[in-house]
Amino acid sequence: MACRGSISRCGNHPNLVKLPGYCSINGERGIQRLLVYEYMPIRSLDDHLFNRTLNSLPWITRLPIMLGAAQARIGLSTRGTGSPGVICSNKNKAKPRIMEHMHKSLATATSQAQGACADPMVDRLSSVPCKVAHQILSLVSFKDLTRVGSMSKRCREFYLSTPSLTFSSLYGNRQQQLHLLNCIDRYMIRRRDDKIKSFRIHWRFSAGISEESFRMMTWILIAVRCNVEVLDLELRLNTKDGATPELPPCIYCCESLRSMLLNTETILKAPFFACSNNLQYLKLTSVRMDDGFGKWISGSCKCIKERLLDNVHVGSFTIESSSLESFTLLYCHNSDPCHFSISGEKLAEINIEWENNKASSSITRSLNVYAPNLKYLKWIGNLLNYQNLGKFMCLEKAHIFLKRQGDDDDFDNAFEVLCSFYRVKSLVLSEETIEVLFREGSMPAPLDGTTYLGMHIKSLTDDLVPAMVSLLRGMPNLKTLYINSYPSLNIVKPKACGFKRKFWKSQNLDCIH
């Protein structure tokens, strides 16, 4: 066993595992050396990186680890050559350990090198390009971002100029929330006017919202002043309080804003002043809108391309846009009467998911669509009381998955809806849609332009075949028929279909030869 003092200088380095000694034996295969490390109570870095039973290390912890390991390597390599090399037993793996304190680096021992103590840890993040540093910091939480800002002057510059910010308090108690509020206040004041590309607030109001709302609206004002491009607000209110925050009017006239996502129960009112913006993407979830908000979008959002409404509360919503390309309407179990009117020359995609409960079936709801250049239509759920879709002359693909409301099979206007896209090239229907629209003896739908038909059914039963025949009669140019069967595990295995090949030939269908 070699003398411990021969490597004591290496063992005293703050970023190296202490080496009580090493064993060097001159055998048949030459000199074999074995390092003797001190005990590592929380295991090595290998375990924390590659052992799946342990929690993964966050990036805010990995960065100091990499810097400390690199510094230890420099310390080893700068030592003079006068003694035999210290190597690991496997000649490849380093044996680092994890320090209990966050700001302490990991130690490492390497093969084929000796060394003395190096200088104190140097900030390696300062040499990283700004774009790379900002990309890394955009992946960490605000708490970890604050810790990075305390490492050095350069890191503080990265910390204050990070273009992507996410503030979240969906979890935690009231005391933690107040502490976070104070930290964010200080941060937003110190930021000055550095550009903000993405600004996200995911917040749960724990008590009265007046104070929290005021401070939050101040943050949004600062973000607008910093030319924010993406604004994402998810505000969960305290139902016992009953109050709702009001968004600052400046967001409606922010020329730098490109995307806005609002998920809150607040009330959106059309601005009382004339303004314009460059908004391209707008997503509203669970918000309440006055009847004039849609008209404000039509007059002010001249660059809007994608619009998404998710379970909004509105009496009447009208939008006429020459730039709108995609519109999505998700409406689930809302008991309010509503009327939607969508018009756009460039509108190429419409997605509708409409879910009504049986109790609200008597409430009037209507949908008017004018989209002469529509390419794709997807409708899932129930139909409205009234829908005027016009004629989709350029429609290429349509997915129609209608659902019954309990035992109610009244789909009187469903056939009229289907006739609106008689020029569709690719059509996909669900089993319920086929059964309701194409009953035995019903008039075939005029689908002369359809060349592809997809059917999603549980099984090909005798009750479904007559409806399929009625559907196929209206498709003289059909080239591809795709049937996707998904049998349920909760029903009895269906009997084999009684309609054989002779029956299909007797129907004289153009698509069957």
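A contact here means heavy atoms within 4.5 Å, and among the contacts in this protein between residues at least 6 apart in sequence, 61% join residues at least 24 apart. The structure is a predicted model, in which local features need pLDDT of at least 70 and side-chain atom pairs count only at pLDDT 80 or more, whereas totals for chains, interfaces and linings use all residues. Residues are numbered from 1 along each chain as its sequence is written, and side-chain values use heavy atoms, with hydrogens and water left out.

The pLDDT, the predictor's confidence in each residue on a scale from 0 to 100, averages 76 over the protein, and 73% of the residues score at least 70. Over residues 1-9 the pLDDT is below 50, and this stretch has 14 contacts in the model beyond near neighbours in sequence. Over residues 80-122 the pLDDT likewise stays under 50, and there the model has 112 contacts beyond four places in sequence.

The protein has 13 helices and 21 strands, which are DSSP runs numbered from the N terminus (H or I of at least four residues for helices, E of at least two for strands). Among these elements, helix α1 (residues 8-11) has the lowest mean pLDDT, 48, and strand β8 (residues 281-285) the highest, 92. Of the 513 residues, 44% count as buried, a class defined by under 20% relative accessible area, with exposed being over 50% and partly exposed in between (1.4 Å probe, protein chains only).

F142 lies in helix α5 (residues 142-149) and counts as buried because its relative accessibility is 7%. Beyond residues up to four places away in sequence, F142 touches T166, F167, L180, C183, I184 and Y187; T166 is 24 residues from F142 in sequence, with a C-alpha to C-alpha distance of 6.8 Å.

The same helix, α5, also meets helix α6 (residues 153-161), the two axes coming within 7 Å and crossing at roughly 145 degrees, where axes are lines fitted to C-alpha atoms over the stretch in contact and angles run from 0 to 180 degrees between N-to-C directions. On the α5 side the residues are L145, T146, V148 and G149, and they meet C155, R156 and Y159 in α6.

The largest nonpolar core, a set of buried Ala, Val, Leu, Ile, Met, Phe, Trp, Tyr and Cys residues joined through side-chain atoms within 4.5 Å, has 107 residues, of which F199 and F421 touch the most other members. Its largest share, seven residues, comes from helix α8 (residues 209-225). Leaving aside residues up to four places away in sequence, F199 touches ten residues listed by name, including F167, W219, I220 and A223.
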